[in-house]
Amino acid sequence: MSNEGYGAIERTAEDDSAGEWKMELFGMFDIKEQGDFILCFKGICCAPCVGACTINTFEDRGQLVPLVLYCCCWPCFGTIKRGQIREAHGIPGSPVEDFLWSCCCGCCARVQEHIEVGDGQGGPPLPENQVMRLP
């Protein structure tokens with residue numbers, strides 16, 4: 001699964017901190033492969049699950065707590081985690097932008113974050129049977 005269908009910005013090892021998201025915010029709708037469609041579908045139908053999987057990959061703390069926090073406090077938790085991912089990858093932005101994307105375009109933001117945390121080849125894999133583990 002490649003990230004070409006996501007309006008991707010190609011990066012090499014030297015310019016990994018290019019300051020841009022690997023995928024545009026609405027890039028999840030540019031579907032070219034079946035794997036892309038599955039990630040897009042999961043992002044729309046269960047954005048908190050995609051967010052929890054991304055946080056698990058980013059911090060390795062499990063998926064149950066992030067899933068509950070995404071479900072109960074979507075805008076606040078999404079804003080905090082988006083900001084942490086953005087800062088860790090050297091992407092410019094502000095907490096206000098993070099809040100607006102989390103509130104208004106939460107599904108797209110969760111998929112964009114998932115691609116960013118991944119290996120540049122479509123993001124980390126989403127397990128077929130999401131097994132939640134306690135932290």
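Let's start with a small aromatic group: ring pairs link Tyr 70, Trp 74 and Phe 77 into a cluster. The model here is a predicted one, and in it the count of aromatic pairs comes to 2. Tyr 70 takes part in an edge-to-face pair with Trp 74, at 6.3 Å centre to centre and with 65° between the planes. Tyr 70 also forms an edge-to-face pair with Phe 77, where the centres are 4.8 Å apart and the planes make an angle of 80°. Tyr 70 counts as buried because its relative accessibility is 0%, below the 20% limit for that class. Phe 77 is buried as well.

From this cluster, we can step back to the whole chain. The secondary structure consists of 6 helices and 0 strands, which read along the sequence as α-α-α-α-α-α. Of the 135 residues, 46% count as buried. Among contacts with a separation of 6 or more, 65% are between residues 24 or more positions apart. The accessible surface comes to about 7,000 Å², and carbon and sulfur atoms hold 61% of that area.

Trp 74 and Phe 77 lead us into helix 4, where both are among the buried residues. Helix 4 covers residues 74–88, and its 15 residues reach 21 Å from the first C-alpha to the last, close to the 21 Å expected. Its other buried residues include Gly 78, Thr 79, Ile 85 and Arg 86. What do the buried residues of helix 4 pack against? Their partners are helix 2 (47–59), helix 3 (64–72), helix 5 (95–104) and helix 6 (106–117). Just after helix 4, Gly 90 takes a positive phi of about 70°.

Arg 86, found in helix 4, deserves a closer look. Is Arg 86 buried or exposed? Its relative accessible area is 6%, so Arg 86 counts as buried. Beyond residues up to four places away in sequence, Arg 86 touches Trp 21, Ile 91, Pro 92, Gly 93, Ser 94, Pro 95 and Asp 98.

Now let's turn to helix 6, one of the packing partners of helix 4. Helix 6 has 12 residues and spans 16 Å between its first and last C-alpha, close to the 16 Å expected. Because 11 of its 12 residues are buried, helix 6 is largely enclosed by the rest of the structure. Charged residues such as Arg 110, Glu 113 and Glu 116 are among the buried ones, alongside Cys 108, Val 111 and Ile 115.

The nonpolar cores come next. The largest has 10 residues: Met 23, Leu 25, Met 28, Leu 39, Cys 40, Cys 105, Cys 108, Ala 109, Val 111 and Ile 115. Helix 1 (34–45) and helix 6 each supply at least two residues of this core, and the largest share, 4 residues, comes from helix 6. A second, separate core has 7 residues, among them Trp 21, Ile 55, Ile 85 and Val 117.

Finally, a word on confidence. The mean pLDDT of the chain is 74, with 70% of residues reaching 70 or more. Among the elements, helix 5 has the highest mean, 92, and helix 1 the lowest, 76. Over residues 1–15 the pLDDT is below 50, and this stretch has 39 contacts in the model beyond near neighbours in sequence. Residues 120–124 also stay under 50, with 19 contacts beyond four places in sequence.

Key: Residues are numbered from 1 along each chain as its sequence is written. This is a predicted model: local features need pLDDT of at least 70, side-chain atom pairs count only at pLDDT 80 or more; totals for chains, interfaces and linings use all residues. Side-chain values use heavy atoms; hydrogens and water are left out. The expected span of a helix is 1.5 Å times one less than its number of residues. Buried means under 20% relative accessible area, exposed over 50%, partly exposed in between (1.4 Å probe, protein chains only). Contact means heavy atoms within 4.5 Å. A nonpolar core is a set of buried Ala, Val, Leu, Ile, Met, Phe, Trp, Tyr and Cys residues joined through side-chain atoms within 4.5 Å. pLDDT is the predictor's confidence in each residue, from 0 to 100. Accessible areas come from the Shrake-Rupley method with a 1.4 Å probe; for residues, only the protein chains shown count as cover. Rings of Phe, Tyr and Trp (its six-membered ring) pair if their centres lie within 6.5 Å; planes under 30 degrees apart count as stacked, over 60 as edge-to-face and the rest as tilted.
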